[in-house]
Amino acid sequence: MPSSAPSIPLIRPVAREEVGAIAQLARTVWQLAYRDIISQAQIDYMLGQRYGAPRLLEELARPDIWWDQAFVGARRLGFAATQATATPAEFKLDKLYVHPEAQRQGIGSALLQHLAQRCRARGGKHLILAVNKNNAQAIAAYRKNGFEVRESVCVEIGNGFVMDDFIMARSLA
């Protein structure tokens, strides 16, 4: 996809039969995005935890979580997963990934705009996310889209691994 010709993506929900394609896109993105941030063992562990078919299918069946994907033409180039939190009027962007060849072309921003509208329609006032403290490219993209660092956290996720993240937030007003 040429970087000089950004296109407006078509955004639609992820269907059950598409979980394999979403998992493959996640693997493609993660191999590049995290290779200099966390170990390959942690990448593999987290992909297995978060993108196995049983987990994705369970999340697709839940009314408080929704998965969207972005296409340019017939090509799936990004996806996002969002959910309600325990805090009233707050939603969490749990995942947002764009294919490396299509980054910096507005696809991530389009996904963010789409899910922000959906959150507002459900009474959302705030949107939060967690991002690895060393993922400068993602942090810059989130700042560009109105997010600011709220706090710093380090969470054990099992198998001796941690997520060393910033929690970022933005108003949906």
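**Chatting through the sheet, its helices and a pocket**

Modeller: Let me start with one pair: Leu127 stands opposite Arg170 in S7. Keep in mind that this is a predicted model.

Colleague: Nice. In which sense do S5 and S7 pair, and over how many bridges?

Modeller: Strand S5, residues 126–132, and strand S7, residues 161–171, are antiparallel partners, with 7 bridges between them.

Colleague: And the whole sheet? What's the strand order?

Modeller: The order is S1-S2-S3-S4-S5-S7-S6, giving an open sheet of 7 strands with mixed pairing.

Colleague: Which strands stand at the edges?

Modeller: Those are S1 (10–13) and S6 (148–158). Each has a single partner strand, so one side of each has no neighbour in the sheet.

Colleague: How much are neighbouring strands turned against each other?

Modeller: On average by 30°, ignoring direction.

Colleague: Which strands does H5 lie across?

Modeller: Helix H5, residues 136–144, lies across S4 (90–98), S5, S6 and S7. Relative to S5, H5 runs at about 165°.

Colleague: Switching to helices: at what angle do H2 and H3 pack?

Modeller: Helix H2 (residues 40–51) packs with helix H3 (residues 53–61) at about 40°, and their axes are 5 Å apart. That angle makes H2 oblique to H3.

Colleague: Which residues make the contact?

Modeller: From H2 we have Gln49, Arg50 and Tyr51, and from H3 there are Ala53, Arg55 and Leu56. Sorted by class, the contact has 3 nonpolar, 1 polar and 2 charged residues.

Colleague: Okay, pockets. What's the volume of the largest pocket?

Modeller: About 1200 Å³. The largest pocket is lined by 50 residues, and the closest to its centre are Leu96, Tyr97, Asn135, Ala138 and Tyr142.

Colleague: Which elements each supply at least two residues of that lining?

Modeller: Among the helices, H1 (19–33), H2, H4 (107–121) and H5 each supply at least two. Strands S4, S5, S6 and S7 do too.

Colleague: And how does the lining divide by class?

Modeller: The lining of the largest pocket has 31 nonpolar, 11 polar and 8 charged residues.

Colleague: Great, thanks for the tour!

Key
Residues are numbered from 1 along each chain as its sequence is written. This is a predicted model: local features need pLDDT of at least 70, side-chain atom pairs count only at pLDDT 80 or more; totals for chains, interfaces and linings use all residues. Side-chain values use heavy atoms; hydrogens and water are left out. Axes are lines fitted to C-alpha atoms, for helices over the stretch in contact, and angles run from 0 to 180 degrees between N-to-C directions. Helices (H or I, at least four residues) and strands (E, at least two) are DSSP runs, numbered from the N terminus. Angles under 35 degrees count as roughly parallel, over 145 as roughly antiparallel, 65 to 115 as roughly perpendicular and the rest as oblique. Contact means heavy atoms within 4.5 Å. Ala, Val, Leu, Ile, Met, Phe, Trp, Tyr, Cys and Pro count as nonpolar, Asp, Glu, Lys and Arg as charged, and the others, Gly among them, as polar. Two strands pair if DSSP finds at least two bridges between them. On a 1 Å grid over the protein atoms alone, a cavity is a set of points where a 1.4 Å probe fits but cannot get out, and a pocket is an open set with protein on both sides within 12 Å along at least five of seven lines; lining residues have an atom within 4 Å of a point. Grid points are joined across faces, edges and corners, and a volume is the space filled by probe spheres set on the points.
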